[in-house]
Amino acid sequence: MSFKPANNLKALTIQNPDVNISEEKFTQNLIADLPKNPYKIGDYYNATAYFKCSVGDTNHGQQCPGGIVRRGNGNASVVVLYPNGYEVQYDFKNGNVTSTYNGDLNWGKSDDEWYIGIDNKLFIIIPDAAVYGG
């Protein structure tokens, strides 16, 4: 799955005395900044995505690649690769979240996003669209 800018983005140009960047160059920079997603659709995963995440603080300022397996009715598994190399699987079932990572799991939901933290060092936001599709 490749990153594609929203259709409503037309000729985006950022005007600044030091910066003049086109939509195409802006999009290329965004793609170049994303880590490689090791998860592939087809063999096992229904979808792949990038999630707002962080290691060590709650700012969610990084992007973590992930693979998604949907089982229907809001039941899904999301496998995420954090920037520190930890791979964590989050399982969503019956409105609850569990994890394969051995640690203190805390989570909550706001609107359509799941906010998850483990041991006050791994943080991620997973939208309902990843779990339910969409």
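1. Pairing of strands 5 and 6. In this predicted model, strand 5 (residues 75-81) runs antiparallel to strand 6, and six bridges join the two. Among the paired positions, Ala76 has Phe92 of strand 6 as its bridge partner. The two strands form a hairpin with five residues between them. Within that turn, Gly85 has a positive phi of about 95°.

2. Pairing of strands 6 and 7. Strand 6 also pairs with strand 7 (residues 96-99), again in the antiparallel sense, over four bridges. Lys93 stands opposite Asn96 of strand 7. Two residues lie between the strands of this hairpin, where Asn94 takes a positive phi near 50°.

3. The two faces of strand 6. In a regular strand, side chains alternate between the two faces of the sheet. Strand 6 (residues 87-93) has a covered face made up of Val88, Tyr90 and Phe92. Its uncovered face carries Glu87, Gln89, Asp91 and Lys93.

4. The nonpolar core. The largest nonpolar core contains 22 residues. Tyr82, Tyr90, Phe92, Ile124 and Ile126 have the most contacts inside this core. At least two core residues come from each of strand 3, strand 4 (62-72), strand 5, strand 6, strand 9 (113-118), strand 10 (122-127) and helix 2 (128-132).

5. Surroundings of Phe92. Leaving aside residues up to four places away in sequence, Phe92 touches Gly74, Asn75, Ala76 and Val78, among others. Its further contacts include Val97, Trp114, Ile116, Ile126 and Val131. Phe92 thus brings several of the preceding points together: it belongs to the covered face of strand 6, it is the bridge partner of Ala76, and it is listed with the core residues that have the most contacts.

6. Asn37. Which part of the chain holds Asn37? Asn37 is placed in the loop between helix 1 (23-33) and strand 3 (47-55). Asn37 counts as buried because its relative accessibility is 10%, and the cut-off for that class is under 20%. A polar atom of the Asn37 side chain lies 3.3 Å from the backbone oxygen of Ala49. Beyond four places in sequence, Asn37 touches Thr48, Ala49, Tyr50, Pro65 and Gly66.

7. Aromatic pairs. Five aromatic pairs are found in a search of the whole structure. In one of them, the ring centres of Tyr39 and Tyr45 are 5.4 Å apart and the planes stand at 75°, so the pair is edge-to-face. Both Tyr39 and Tyr45 are buried. Ring pairs also link Tyr39, Tyr44 and Tyr45 into a cluster.

8. The salt bridge. The structure holds one salt bridge. The side chains of Lys109 and Asp128 meet in this contact, with 2.9 Å from N to O. The pair links distant parts of the chain, as Lys109 belongs to strand 8 (residues 105-110) and Asp128 to helix 2, 19 residues apart. The partners are buried to unlike extents: Lys109 counts as partly exposed, at 42% relative accessibility, whereas Asp128 is buried, with a relative accessible area of 15%.

9. The chain as a whole. The chain has two helices and ten strands. From the N terminus, its elements follow the order β-β-α-β-β-β-β-β-β-β-β-α. Of its 134 residues, 32% count as buried. Among contacts with a separation of 6 or more, 33% are between residues 24 or more positions apart.

Conventions. Residues are numbered from 1 along each chain as its sequence is written. This is a predicted model: local features need pLDDT of at least 70, side-chain atom pairs count only at pLDDT 80 or more; totals for chains, interfaces and linings use all residues. Side-chain values use heavy atoms; hydrogens and water are left out. Buried means under 20% relative accessible area, exposed over 50%, partly exposed in between (1.4 Å probe, protein chains only). A polar contact is a pair of N or O atoms within 3.5 Å; within protein, one must be able to donate a hydrogen and the other to accept it, and residues adjacent in sequence count only if both atoms are side-chain atoms. Contact means heavy atoms within 4.5 Å. Two strands pair if DSSP finds at least two bridges between them. A nonpolar core is a set of buried Ala, Val, Leu, Ile, Met, Phe, Trp, Tyr and Cys residues joined through side-chain atoms within 4.5 Å. Rings of Phe, Tyr and Trp (its six-membered ring) pair if their centres lie within 6.5 Å; planes under 30 degrees apart count as stacked, over 60 as edge-to-face and the rest as tilted. A salt bridge is a side-chain nitrogen of Lys or Arg within 4 Å of a carboxyl oxygen of Asp or Glu.
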